[in-house]
Amino acid sequence: MIENITVIGSGTMGNGIAHTFAQYGFNVALVDINQDALDRAIQTITSNLDRQVNKGTIDEALKAETLNQIITFTDLRLAVGKADLVIEAATENSEIKLNLFKQLSEFCGDNVILASNTSSISITKIASVTKNPGNVIGMHFMNPVPLMKLVEVIRGYATSNEVTNAIMDLSGKLNKVPVEVNDYPGFVANRILMPMINEAIYSLYEGVAGVEEIDIVMKLGMAHPMGPLQLADFIGLDVCLAILNVLYNGFGNQKYAPCPLLVNMVTAGYIGVKSGIGFYQYTKGSKELVVAANFQKSR
């Protein structure tokens with residue numbers, strides 16, 4: 001029975017995953033290498049819970065219970081000591097993830113399920129560095145985790161039926177909709193989404209239309225809640241580039257090659273909401289979208 005969850009990484013995805021499990025009554029150990037990052041994560045979770053209270057989706061009692069379910073750690077070995085399930089939500093970097101799973105394989109018991117929230121890196125590759133590859137699975141949440149229903153459950157080549165069924169069942173207990181997919185580059189969500197975002201960036205790069213025009217076409221014409229360029233900013237252009245590189249290297253198909261404009265923006269540090277500027281400029285506390293000066297000048 002899965003009761004104790006350890007979440008590795010306290011960034012956007014990690015704190016969202018911790019929030020969600022805690023809200024549904026699970027004991028959560030949230031671990032990061034930096035206590036300041038953990039403190040910011042708890043502040044974020046508290047703010048997000050306040051929004052839920054203000055909307056009437058939870059009450060103050062559940063908010064307090066949720067926060068009480070989360071304990072923070074900076075020591076990985078201590079954080080996984082009681083874990084039934086460990087979910088890695090670290091940076092989308094293959095080397096970092098492989099090193100983490102090597103450590104987890106040493107620190108955790110044979111029955112602990114090891115999951116990755118990776119959006120593109122092979123679960124089979126991650127599992128290959130562990131002692132029990134059958135216990136390794138992908139659990140790809142969508143951002144923002146407390147609100148988005150989908151969990152993409154990625155089955156590695158060696159992942160057991162028992163582990164897959166346990167994670168499918170667990171996702172349902174979080175009021176999510178789990179969808180089982182097989183382990184190929186980008187899985188399903190990003191194999192479809194990232195080429196669309198990349199094509200939107202190419203449309204801008206080649207002067208077909210401006211930032212706002214591209215996003216308006218997709219919002220009004222295709223009923224997307226957010227245009228692809230705004231969505232790319234929200235995801236992080238660095239993350240988009242990393243996923244496209246995984247797709248390109250995995251399939252060797254030119255259609256996955258990242259647009260040169262995307263590469264230049266990431267190199268320059270213009271990575272979207274996280275940096276305050278991408279295709280749009282972002283001002284803290286403002287919901288108004290302003291097209292970045294570079295693209296305003298080019299139109």
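Guide: UniProt positions are given here in this structure's own numbering, and annotations may be inferred rather than shown by experiment. Keep in mind, too, that the model is predicted.

Visitor: Which residues does the UniProt annotation "binding site" cover?

Guide: The record, an unreviewed entry, marks Gly9, Ser10, Gly11, Thr12, Met13 and Gly14. It also marks Asp32, Glu92, Lys97, Ser119, Asn143 and Lys274. We will meet some of these again.

Visitor: Which residues does the annotation "domain: 3-hydroxyacyl-CoA dehydrogenase NAD binding" cover?

Guide: That unreviewed UniProt entry assigns it to residues 4-183. Over this stretch, the chain is 43% helix and 22% strand. The C-alpha atoms at its ends are 26 Å apart.

Visitor: Take Lys97. Where is Lys97, and is it buried or exposed?

Guide: Find helix 5, residues 94-107; Lys97 sits there. Buried means under 20% relative accessible area. Lys97 has 1%, so it counts as buried.

Visitor: How do I read a salt bridge?

Guide: Start with the general idea. Side chains of opposite charge can pair when their charged atoms come close. The cut-off is 4 Å, from a side-chain nitrogen of Lys or Arg to a carboxyl oxygen of Asp or Glu.

Visitor: How many salt bridges does the count come to by this rule?

Guide: The count is 6. Let us look at some.

Visitor: Which side chain meets Lys97 in a salt bridge?

Guide: The partner is Glu88, at 2.3 Å from N to O. Glu88 counts as buried because its relative accessibility is 0%. Lys97 counts as buried too, at 1%.

Visitor: Which residue forms a salt bridge with Glu180?

Guide: Arg155 does, with the closest N and O atoms 3.5 Å apart. Glu180 belongs to strand 8 and Arg155 to strand 7 (residues 150-155), so the pair ties together parts 25 residues apart in sequence. With a relative accessible area of 39%, Glu180 is partly exposed.

Visitor: Lys274 was on the binding-site list. Which residue forms a salt bridge with Lys274?

Guide: Look for Asp238; the closest N and O atoms of the two are 2.9 Å apart. This pair links distant parts of the chain, 36 residues apart. Lys274 is in the loop between helix 12 and strand 9 (280-281), while Asp238 is in helix 11 (residues 237-251). Lys274 counts as exposed, at 54% relative accessibility. Asp238 is partly exposed, with a relative accessible area of 27%.

Visitor: Which residues are joined into one network by salt bridges that share partners?

Guide: Glu88, Glu92 and Lys97 are. Glu92 and Lys97 also appear in the "binding site" annotation from UniProt.

Visitor: Now helices. How do I check the span of helix 9?

Guide: Compare the expected span with the model. Helix 9 has 12 residues, 211-222, and at 1.5 Å a residue it should span 16 Å. Its end C-alpha atoms are 16 Å apart, which agrees.

Visitor: Which residues of helix 9 are buried?

Guide: Val211, Ile214, Asp215 and Met218 are. They cover an arc of only 95° around the axis, which puts them on the same side of helix 9. Leu220 and Gly221 are exposed on the other side. Just past the end of helix 9, Ala223 takes a positive phi of about 60°.

Visitor: And in helix 12, which residues are buried?

Guide: In helix 12 (residues 260-268), these are Leu261, Leu262, Met265 and Val266. Viewed down the axis of helix 12, they fall within an arc of 130°, so they line one face. Asn264 and Thr267 are exposed on the other side. Gly269, just after helix 12, has a positive phi of about 90°.

Visitor: What about the surface? Which residues make a nonpolar patch?

Guide: Leu150, Val177 and Val179 make one of about 210 Å². Val177 is part of strand 8, residues 177-182. Val177 counts as partly exposed, at 46% relative accessibility.

Visitor: One last stop. Where does Ser122 lie?

Guide: Ser122 is in the loop between strand 5 (113-116) and helix 6 (123-127). Its relative accessibility is 25%, so Ser122 counts as partly exposed. Now find Gly250, 128 residues from Ser122 along the chain. The C-alpha atoms of the two are separated by 9.6 Å.

Notes: Residues numbered from 1 in each chain as written. Predicted model: local features only at pLDDT ≥ 70, side-chain atom pairs only at ≥ 80, totals over all residues. Heavy atoms only, no water. Patch = residues over 30% accessible without salt bridge, like charges linked within 9 Å, V, L, I, M, F, W, Y side chains within 5 Å. Areas by Shrake-Rupley, 256 points an atom, 1.4 Å probe, with all protein chains shown as cover. Helix = DSSP H or I, 4+ residues; strand = E, 2+ residues; numbered from the N terminus. Buried < 20%, exposed > 50% of the residue type's maximum accessible area, 1.4 Å probe, protein only. Expected span 1.5 Å × (residues − 1). Arc of directions from axis to C-beta.
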